[in-house]
Amino acid sequence: MSIDVNGTDAPCAPAVAPGEDGASENAKLTAENTGLQSQVKKLSRQLSALQKTISRAESVATIRDRLASTLNAERSKQERFLGMLIENSPNIILLFDKDGYLAYCTNTFLRVTGIQNFGLVDGRHFTEIFARFNNPDLLRHVAKRIALAIKSKETITGQETIDIGGGLRTYNITTTAMRNGEGDAEGIMSLYHDITETSRAKEAAEAASRAKSEFLASMSHEIRTPLNVINGLAELELRKHLPQDTLLNLEKIYGSGVTLLNIINDILDISKIESGRFELVPIDYEVASIISDTVSMNMVRIGSKAIEFKLNIDENLPNRLFGDELRLKQILNNLLSNAIKYTPQGVVELGFSCVREDDEIWLDCYVKDSGIGISEENIPKLFSDYQQVDMLNHRTIEGTGLGLSICKRLVLMMDGSINVESEYGSGSKFSVRVRQRVTDPRPLGKECVDNLKGFRFLEGENRRVKNIDYVPMPYGRVLVVDDVSMNLDVAKGMMMAYEGLTIDCVTSGMDAIDLIRREETHYDAVFMDHMMPGLDGIETVKKIREEIGSEYAKTVPIIALTANAIVGNDKLFLENGFQAFLTKPIDVVKLDAALRQFVRDKQSPETIRQAEEGTYGAGAKKDRDAILKNLLEKTRISGVDIVAGMKRFNDVASVYIGVIKSFTQNMPKLLDTLRNVTESTLPEYAVTVHGAKGSCYGIDADEAGRMAEALEISAKGGDFARVMAGNETFIGNVGTLLLQLEGLVRSAEEIGEEADSAKNTLPAPDRALLEKMLDASRDYDIDTMQSVMDELDQYSYESEGELISWIKEQLVNFGYDAISDRLDEMLKGR
Amino acid sequence: MIRMFTAFTEEIDDVETAVSEVLNQLDLEGGLMSNSVGILHCACEFDESDVVRKLCERLPFDVVGCTSLSIQVQGLKSQLALTVTVLTSDDVRFVSGVSSPVSDDLNGPVTEAYGRVIGSLQEKPALIMPFIPFMTNIGGDEFIEKINELSGRQIPAFGTVSISNEHDFSRSYTIHNGEFYPTSLVLLGLIGDVKPMFVSATVPEDKILKQKAIVTDVSKNILKTVNGMTALSYLESLGLAKDGNITGLESMPFVIKLSDGSFLTRACISATPEGALVLCGSLPVDSTLAVATMGPEDVITSTGEKIREAMAEIRGRSMLIYSCVARSWMLGTKVMAEHDEVDKCVDDSVAYHFVYSGGEIFPAFLKDGSISNQLQNDSVIICVL
């Protein structure tokens, strides 16, 4: 401040001077006064300015003091709480200066490490502090983290399982530099967060999850395997020419088998969904088929209930859609089965319509019933797991309680919605809307809808199966590997439709490896079961691909057969040397596709043409039977009139030898039964010895036949003593006879093999001859059957050679019906 | 080029003496070039006499300016002074004008004045110097934003807001050709070969308190709520107010961080009965508010730094320096300390004036080539002409 003070005294009132000089004196005084007043005014202003300045300064000082006080209080509070935070922190916190000397640590560190006092470690270097734990690795890691934290601007994290005094514990360790405003590191903070319990819980959870997955895989396999047999055999039966009602029943058996599979799958599915390993598998499907299947699967549930079923279908629904047919069927099946389940009598309605959106539709389905309905408070529980609402009143109603929960999840996965309207006591309506892509936009049309309404679409599955073109594959040879014989039967049965296809079967991975290593036969494809005891499918394939070494072993197509419907199968198999996989129950359409891809499509067009025209292969002919006849004429067996026996079979040596072979195979069992006779089992003994009698006479072993006859009479007469007297002798004689006959059979077989190898080889028995054999067997025309047999026996065959031997045997044993059945089944698929 | 010379008087009552003092210091006979203008700053006490009017009648050029607190030219400084800074040039023209009084809506008066003074020019000014009236219902930034809009963000502005030493900042005037205007905008335009250089300093970041709050309700320059509570309550929680009394708060800058990361500084003038705070400029809702605290050393250091920075580029030119009045309050009892620092840093050969301001206006040059003139408080700004 500038204050202009000239040392002037305070102003005073002008004095009046007497006389002539009074005026000028007055003027002078007035001027002085004015000046003084002016000065006063100036001073007054300056004082005022000074006062304002002081006032402002005071208020500024006051506010700063107040601020300082507030900030101090806050800082104290913060420091106090920070102190408490650090003291009470359950974590180990270490604060080092930038050179690594300890500045602070929490009490937890002292407690865990057993250090009695902070002073013992205060100011010590971290190397010295951590050296006490005798863990060089830990010290190295700590040093590395501190160095990294200082160097980088990032927080360094890590995990260690260490013992720093509290036993072995797992810590999440976070190390970070503490930087000032300029970004320079002034210290390091290390935080050790004990996650031991969390780690253990996590390991336990992971183990439980693994166990669950293994259980799922195991259960999936164990349950699906027998269901594969049920569904597979039913499907095979569906191919036969059967009466319509039988076919309908078989359709229902098959459908119910699938339904059972689906119910089991409910439980497996919910587990998969919950574990996040569930995926939709969209395919191209017929809309009419899904409607028909849903209806036919559930009509049986109506049973004797007085329920009227209505089906409402929009004729404009597209013919084919692309979506997860199986899961959609699952949803519809669940809703419809529930509706029938919960409707004692009345009406159940199933409806389908759609709203088109470019190349997709919103498929709207509803199931409406006049059943028991659902109370309002129970509706929210409907889609919960394992909940059946109103359980007290409906204990008799079966179900896992999972269906609607799965339905909802499936619908949501299909980008759809599911809603329910219900009134307790009056009924319910479940509406589902899902998005599906249109692959064939042609509308179903009135006729199809009318057929569906009249349940005339039940042949859908059968027709689907029948619509497969089972092309002959006489050039093909496949190997099926499965430890379950029934599965082999199913697979082989399915493949037999491909005329001429050679199907070899083995029951273990080792056998398969052996066959492929020996390379006696080059298979076009190998169908390998996934889960087998000992060496499973994957391990078997690995050995085939990696250990055998041949080009054939490395490249032979191997298709996995798996009952495990686990997500990721495709990747699993393709990464382990398989070319494809089929799930069990084997779908005929997919099997057909696999056979076409790996067997048929590898052949030249000419080969395929010849096979399909039946002119594949050719061969020369050699007279095997003459050689056998020569053998028999030279053979002498006591008790057997070989000449008479041959005459019985029109001098066809091979037939007679076949009968002898059958005698040697069946008689030992009869003898075992006869050997254990007691007085109480005499009636049964009589029956058995009667059979033995017939067999002996059948090969012209008359002496043994007569002995058997005498024993039969004794047994029928209840003469146990007589039976016992003659039984041992009979058994001994027949035993000796068997030895000789077995030798004869062995010699005949050796001759047969030589002859076979000298024979011309055809890929497979001639179809026309087999058809002639079939017709003859139906008419019991033995002469024609024998004549055809002779023709067939002139060749050896690359496939179905066993069939010829079998027919020959059946002829000997009068198994004409068996011949008819087998040939009918074999030839029917064409 | 522009030549600058200054005059100084503390005579308020004796008009003739005051006028003579000023005229004697100005070399009007030989010192003036083709074009001239005077920038007059004075203490509000000069409204008690006719000095300003009489002086302006005697000066042969337009006079623009405003009231202030302590003022300094060429080593002469006083809280009760009047200074005249004459700008004269052969190749720079000067135009000036004053708007009609502004009440609630500045758009009409400012637009009219701008159009009359600047808009009518064929050549765009190289610099605008606005002298903005101190008003509690309209923040100075509103005037600046209007000027930005009217200038198409193409003309830099450097200026000040009128202020006084009254406790309620009454008797703050803009001045144009001898008349005091409480609510009118005065504009000065410089047309020609002018390449001004600008230097500024505001609140250092390390002086901002770490307590941060969110502006939750505001109406232009009236800060209503912070963190959902009344602004006054918030200040009381910080200890910056007590029982509704915010005396001294004007010395503590309010630093507002905007969503784009830039900062505004605002001084607080008063509190309303409803607990709202009247600031010198507007701020947006949802911005982050913090209070800063600067002491005498902070003020002196920053002023010294900026003057030295300007001096490095002076090259025979002159300086106009405005420092926020709040900075004078931060000095506490050392009311002339900043003046002394100016004395120390400015060479005797350099013409300058140092004036306390009710709001500092200076340009920001943006990457897209536009110019965003802004109003800040608690700052020191320098224009080298």
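Me: What do the axes of helix α8 and helix α9 of chain A do?
Reply: This is a predicted model. In it, the axis of α8 (residues 325–341) comes within 10 Å of the axis of α9 (residues 403–413). They cross at roughly 145°. The crossing of α8(A) and α9(A) is left-handed.

Me: Which residues of α8(A) and α9(A) meet?
Reply: From α8(A) come A:Arg327, A:Gln330, A:Ile331, A:Asn334, A:Leu335 and A:Asn338. From α9(A) come A:Gly403, A:Leu404, A:Ile406, A:Cys407, A:Leu410 and A:Val411.

Me: How do the residues of that contact divide into nonpolar, polar and charged?
Reply: Seven are nonpolar, four are polar and one is charged. Arg counts as charged, so A:Arg327 is the charged one. Gly counts as polar, so A:Gly403 falls in the polar group.

Me: Why is A:Ser799 called buried?
Reply: Its relative accessibility is 2%. Buried means under 20%, so A:Ser799 qualifies.

Me: Where does A:Ser799 lie, and what does it touch?
Reply: A:Ser799 sits in the loop between β19 (796–797) and α27 (801–812) of chain A. Leaving out residues up to four places away in sequence, A:Ser799 touches A:Gly500, A:Leu501, A:Thr502, A:Pro763, A:Ala764 and A:Pro765. A:Asp504 is 295 residues away from A:Ser799 in sequence, yet 9.5 Å away in space, C-alpha to C-alpha.

Me: Why is B:Lys220 called partly exposed?
Reply: Its relative accessibility is 40%. Partly exposed runs between 20% and 50%, so B:Lys220 belongs there. B:Lys220 lies in the loop between β14 (213–219) and β15 (222–226) of chain B.

Me: What is notable about the phi of B:Lys220?
Reply: It is near 55°, a positive value in a residue other than glycine. B:Asp378 also is not a glycine and has a positive phi, of about 60°.

Me: Is B:Asp378 buried or exposed, and how do you know?
Reply: The relative accessible area of B:Asp378 is 0%. That is under 20%, so B:Asp378 is buried. B:Asp378 is found in the loop between β25 (371–376) and β26 (380–384) of chain B.

Me: Which residues touch the most other members of the largest nonpolar core?
Reply: They are B:Phe143, B:Ile307, B:Met319, B:Ile321, B:Val346 and B:Ile382. The core has 66 residues. Its largest share, five residues, comes from helix α6 (residues 296–311) of chain B.

Me: Why is this core said to lie between domain 1 and domain 2 of chain B?
Reply: Domain 1 covers 3–197 + 298–365 + 379–384, and domain 2 covers 205–291. Both give residues to the core, so it lies between them.

Me: What is B:Phe143 in contact with?
Reply: Neighbours within four places in sequence aside, B:Phe143 is in contact with B:Val102, B:Leu106, B:Val110, B:Ile132, B:Pro133, B:Met135, B:Ile138 and B:Leu185. Apart from the largest core lies another, of 50 residues. Its members include A:Ile313, A:Leu335, A:Leu350 and A:Val434.

Me: How many helices and strands does each chain have?
Reply: Chain A has 28 helices and 19 strands. Chain B has eight helices and 26 strands.

Me: What share of each chain counts as buried?
Reply: In chain A, 46% of the 830 residues are buried. In chain B, 63% of the 385 residues are.

Note on methods
Residues are numbered from 1 along each chain as its sequence is written. Chains are lettered from A and ligands numbered from 1 in the order in which they are written. This is a predicted model: local features need pLDDT of at least 70, side-chain atom pairs count only at pLDDT 80 or more; totals for chains, interfaces and linings use all residues. Side-chain values use heavy atoms; hydrogens and water are left out. A nonpolar core is a set of buried Ala, Val, Leu, Ile, Met, Phe, Trp, Tyr and Cys residues joined through side-chain atoms within 4.5 Å. Buried means under 20% relative accessible area, exposed over 50%, partly exposed in between (1.4 Å probe, protein chains only). Helices (H or I, at least four residues) and strands (E, at least two) are DSSP runs, numbered from the N terminus. Domain bounds come from an automatic or database domain assignment. Contact means heavy atoms within 4.5 Å. Axes are lines fitted to C-alpha atoms, for helices over the stretch in contact, and angles run from 0 to 180 degrees between N-to-C directions. A crossing is left-handed if the near helix is turned anticlockwise from the far one by less than a right angle, and right-handed if clockwise.
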